[in-house]
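Thanks for coming. I'll take a few minutes to go through one model, and you can follow along on the screen.

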Amino acid sequence: MPVDSTLQDAINRHINAELYSSYLYLSMSTYCDSIDLPGFAHWMRIQSEEEYTHAMKFVDYLQDRDSRVTLLPIEQPPVEYDSVEDVMRQTLAHEQHVSVLINDLYGVAVRASDYASQIMLQWFITEQVEEEKTARDVIAALEMVKGRSDALLLLDREMGARPAASPIATDVAA
Ligand code: FEO
């Protein structure tokens, strides 16, 4: 059974928000590369890929529900940042914003009495807790190494060890 039109529109807007997240983190990755932090650049590139998989989960979900996907224009992300700390603080702020969007989407699904969508969204609610925590942990690590370039280089090496994002999964529980 298709999702109702209000929920379909809201999910389509959210697909755009996830694709913007992917675009934003790709831009941050290129900034980190430009300031000679290849580990952070790698970490952000993986983050960008992960956001793309989030968008695809919603695309697959609408298709599974015999509903229509509408791809909206993606806004241009910022190009320049003040520092790698600024990048991570903006990452945390963005993830907090996405958490609000997911909660709002859940509210639309509740008002539509769409239980399947509520179950699908629970994966994203849990994921947002993890996304915010990860950004906070990296900010804390950056605060600890502040002013010590040798420690920053070690942290950058650690960030560079992040494994690749999981392949795109059509199952939202994956
Ligand atoms: Fe897909 Fe980082 O939220």
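I'll cover one helix, then the nonpolar cores, then a single threonine, and finish with the salt bridges. Keep in mind throughout that this is a predicted model.

Let me start with helix α5, which runs over residues 149-159. Which of its residues are buried? They are A151, L155, D156 and M159. Looking down the axis of α5, those buried residues fall within an arc of 145°, so they line one face of the helix. The face turned away from that buried side carries exposed residues, namely D150, L153, L154 and R157. Note that two leucines, L153 and L154, are among the exposed ones. As for what covers the buried residues of α5, the list includes α2, residues 38-64, and α4, residues 115-145.

That brings us to the cores. The largest nonpolar core has 25 residues, and the members that touch the most other members are F40, V87 and M88. Which elements give two or more residues to this core? They are α1, α2, α3, α4 and α5, with α1 spanning 5-34 and α3 spanning 84-111. Apart from this core lies another one, of 21 residues, including A10, M56, V59 and V108.

F40 is worth a look on its own. If we leave aside its neighbours within four places in sequence, F40 is in contact with C32, V84, M88, V138, L142, L152, L155, D156 and M159. Three of the buried residues on α5 that I named earlier, L155, D156 and M159, appear in that contact list.

Now the threonine. T91 sits in helix α3. Is T91 buried or exposed? Its relative accessibility is 2%, so T91 counts as buried, the limit being under 20%. Outside its close sequence neighbours, within four places, T91 is in contact with Y25, M28, M44 and A135. Of these, M28 is 63 residues away from T91 along the chain, yet their C-alpha atoms are separated by 9.0 Å. The T91 side chain also reaches the backbone oxygen of V87, at 2.8 Å. V87 is the residue I mentioned among the members of the largest core with the most contacts to other members.

Last topic, salt bridges. How many does the structure hold? There are 4, and I'll go through some of them.

One salt bridge joins the side chains of R162 and E50, at 3.1 Å from N to O. This pair links distant parts of the chain, with R162 in the segment after α5 and E50 in helix α2, 112 residues apart. R162 counts as buried, at 16% relative accessibility, and E50 is buried too, at 18%.

Another salt bridge is between D114 and R65, where the closest N and O atoms are 3.1 Å apart. Here both partners are in loops: D114 in the one between α3 and α4, R65 in the one between α2 and α3, with their positions 49 residues apart in the chain. D114 is buried, with a relative accessible area of 8%, and R65 is buried with 12%.

Then there is R89 with E143, whose side chains meet at 2.7 Å, N to O. R89 lies in helix α3 and E143 in helix α4, so this pair ties together parts that are 54 residues apart in sequence. In this bridge R89 is partly exposed, at 41%, and E143 is partly exposed as well, at 44%.

That's what I had.

How values were computed. Residues are numbered from 1 along each chain as its sequence is written. This is a predicted model: local features need pLDDT of at least 70, side-chain atom pairs count only at pLDDT 80 or more; totals for chains, interfaces and linings use all residues. Side-chain values use heavy atoms; hydrogens and water are left out. Buried means under 20% relative accessible area, exposed over 50%, partly exposed in between (1.4 Å probe, protein chains only). Helices (H or I, at least four residues) and strands (E, at least two) are DSSP runs, numbered from the N terminus. The arc is that of the directions from the helix axis to the C-beta atoms. Contact means heavy atoms within 4.5 Å. A nonpolar core is a set of buried Ala, Val, Leu, Ile, Met, Phe, Trp, Tyr and Cys residues joined through side-chain atoms within 4.5 Å. A polar contact is a pair of N or O atoms within 3.5 Å; within protein, one must be able to donate a hydrogen and the other to accept it, and residues adjacent in sequence count only if both atoms are side-chain atoms.
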